[in-house]
Amino acid sequence: MDLTDKVVLVSGGARGLGEGYARGIVQAGGKVVIGDLLDDDGAAVAADLGENALYVHLDVTDPDSWKSAVEQTEEHFGRLDGLVNNAGISASGQPVYEESLETFRRIVEINLFGVNNGMHFAIPAMRRAGGGSIVNISSAAGLIGLALTGGYGASKWGVRGLSKVAAVELGREKIRVNSVHPGMVFTPMTAPTGISLDEGAFPNNPYQRVGRVEELVGAVLYLLSDAASYTTGSEIAVDGGWTAGPSIEYVMGQ
């Protein structure tokens, strides 16, 4: 995928999927701004990527922090062509009737309000650049009802819907908005759950395994690139077929 000279801001870009997207953007010829709360990790990734990367401190729940991140992007690289709204936190693992209101509110504040905040400040910059691409990272839990993900599922369905609304509103301005829906992927955030990359470790998935970070990167790079110039308001599931249905072996009880 060719992202030559495109400037992309990635929230939550210091680790896991966000780091994968950041590295992929630079490898594809683009320039990346890594926004995160993990200053040491983010700065280290930017330093490793060299002159085509910049780290900025970013709290996605704070509008002023977003404003500053976009301003620093334009000051450093001269423009903003893409936004990957990746920052988020995981589900509480509790049923709806047990998840505290404070937990629900915090998850939605980061996962959904954070995405809206990012678009609010990125869109004017993209208008100045003559167009752009916004990729909002949702989840498989934004495509199906997944137990024990009350606040998380609500936030990720919200990201999907917000992406479609924005796509309709921004079509004439050459600003595309799409959502990507990862299944279970092995990252520093998901590793504590005990998931494994071993074959057969995820039996209800048609692939029967969890995903790797590098398997998500291609979908995001495609949506950021000119190859996706007629793609907006869409959702792409990268989940090993999880949301399509359970594996034959799982259905047959093997």
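**Close-up views of helix α3 and the nonpolar core**

**View 1. The ends of helix α3.** At the N-terminal end of α3, D62 acts as the cap, with a side-chain oxygen 3.0 Å from the backbone nitrogen of D64. The model shown here and in the other views is predicted. The helix has 15 residues, and the distance from its first C-alpha to its last is 21 Å, close to the 21 Å expected at 1.5 Å a residue. Just after α3, G78 has a positive phi of about 90 degrees.

**View 2. The two sides of helix α3.** S65, W66, A69, V70, T73 and F77 are the buried residues of α3. Seen down the helix axis, the buried residues of α3 fall within an arc of 135 degrees, so they line one face. An α-helix has 3.6 residues a turn, so residues three or four places apart point the same way. The cover over the buried residues of α3 includes β1, β2 (31-36), β3, β4 (82-85) and α4. D64 and E75, on the other side of α3, are exposed.

**View 3. The largest nonpolar core.** This core has 31 residues, of which L9, W66, L83, M119, I134 and V177 touch the most other members. Two or more residues each come from β1 (7-11), β3 (53-57), α3 (63-77), α4 (101-129), α5 (150-170) and β6 (175-182). The largest share, 10 residues, is given by α4.

**View 4. The surroundings of L83.** Leaving aside residues up to four places away in sequence, L83 touches V8, L9, W66, G118, M119, A122, M126, S133, I134, V135 and L224.

Conventions:
Residues numbered from 1 in each chain as written. Predicted model: local features only at pLDDT ≥ 70, side-chain atom pairs only at ≥ 80, totals over all residues. Heavy atoms only, no water. Core = buried A, V, L, I, M, F, W, Y, C linked by side-chain atoms within 4.5 Å. Buried < 20%, exposed > 50% of the residue type's maximum accessible area, 1.4 Å probe, protein only. Helix = DSSP H or I, 4+ residues; strand = E, 2+ residues; numbered from the N terminus. Contact = heavy atoms within 4.5 Å. Expected span 1.5 Å × (residues − 1). Arc of directions from axis to C-beta. Polar contact = N/O pair within 3.5 Å; in protein donor to acceptor, adjacent residues only side chain to side chain.
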